[in-house]
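Okay, thanks for having me, I'll keep this brief. Let me put the sequence and the structure up, and then we'll walk through them.

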Amino acid sequence: MGSEFWCLLRQYTSAVPAERLWKASFCDGHNLIPKVMPGIISSIDILEGDGAGVGSVKKFNFTDVIKDYSYVKDRVVVMDQENHIVKYSTLEGGVLGVKVKSYSVEVSLTSTSEGGCLSKMKIEYESIGDSLLSEEDANNMQQGIFAMVKAIDAYLVENPTAYA
């Protein structure tokens with residue numbers, strides 16, 4: 001039984017400028033995410049690096065609301081401050097080893113003419129065996145990751161001077 005590589009894509013538009021969403025989500029997300037998602041993420045530990053730079057390893061600790069696993073550990077592999085692109089690969093936890101062999105996530109923020117930004121997410125994963133994730137599993141993976149950016153987006157709309 002072999003394995004296959006697959007790609008999931010998703011995007012949404014935010015009224016928040018790309019630079020603000022970038023700073024809050026990817027430069028200071030380890031501090032802000034547990035505050036804006038306290039019922040889901042209890043803490044984010046920086047295990048290596050500064051938490052935002054290439055090579056940084058973070059452990060996202062989940063509350064017991066997440067039934068299938070208690071944490072996800074990932075490493076930043078791309079951090080392009082100028083073009084607002086981040087890519088990280090998952091090292092352990094979450095669906096790794098259970099539903100997928102490996103996966104990485106890339107998020108890019110692009111400014112829009114309206115003053116906000118377009119957030120695009122690409123998840124690449126290697127399946128266990130030769131079948132892709134079920135539609136439900138793929139949707140859950142995407143929603144879980146995008147939920148963090150959307151929670152920060154809502155926080156920035158409510159707090160217009162934060163990360164300005």
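**A quick tour of the model**

Let's start at the surface: the protein exposes about 8500 Å², and carbon and sulfur atoms supply 51% of that. Before I go on, bear in mind that this is a predicted model.

So, overall dimensions. The C-alpha trace spans about 50 × 30 × 30 Å along its principal axes. The radius of gyration is 16 Å, and that agrees with a compact globule, because one with 164 residues would come out near 15 Å. As for the interior, 45% of the 164 residues count as buried.

On charges, we have 15 positive and 22 negative side chains. How far apart do the centres of the two sets lie? They're 2 Å apart.

Now the fold. There are 3 helices and 7 strands. Reading from the N terminus, the order is β-α-α-β-β-β-β-β-β-α. And if you take contacts between residues at least 6 apart in sequence, 51% of them join residues at least 24 apart.

Okay, on to some individual residues, beginning with S56. You'll find S56 in the loop between β2 (41–48) and β3 (57–62). Is S56 buried or exposed? With a relative accessible area of 1%, S56 is buried, since the cut-off for that is under 20%. What does its side chain reach? The S56 side chain gets to the backbone nitrogen of G51, at 3.0 Å. Set aside the neighbours within four places in sequence, and S56 is in contact with E48, G49, D50, G51, D74, R75 and V76.

Next, backbone angles, for those of you who like a Ramachandran plot. H84 isn't a glycine, yet it has a positive phi of about 55°. That residue sits in the loop between β4 (71–80) and β5 (85–93). H84 also counts as buried, because its relative accessibility is 10%.

Y163 is another non-glycine residue with a positive phi, in this case near 60°. Where is Y163? It's in the segment after α3 (135–158). At a relative accessible area of 25%, Y163 is partly exposed.

So, if you want places to click on while we talk, try S56 with its contact to the G51 backbone nitrogen, then H84 in the loop between β4 and β5, and then Y163 after α3. That's it from me.

Notes. Residues numbered from 1 in each chain as written. Predicted model: local features only at pLDDT ≥ 70, side-chain atom pairs only at ≥ 80, totals over all residues. Heavy atoms only, no water. Helix = DSSP H or I, 4+ residues; strand = E, 2+ residues; numbered from the N terminus. Rg over C-alpha atoms; globule rule 2.2 N^0.38 Å. Buried < 20%, exposed > 50% of the residue type's maximum accessible area, 1.4 Å probe, protein only. Contact = heavy atoms within 4.5 Å. Areas by Shrake-Rupley, 256 points an atom, 1.4 Å probe, with all protein chains shown as cover. Lys, Arg positive; Asp, Glu negative; His and termini not counted. Charge placed at Lys NZ, Arg CZ, Asp CG, Glu CD. Polar contact = N/O pair within 3.5 Å; in protein donor to acceptor, adjacent residues only side chain to side chain.
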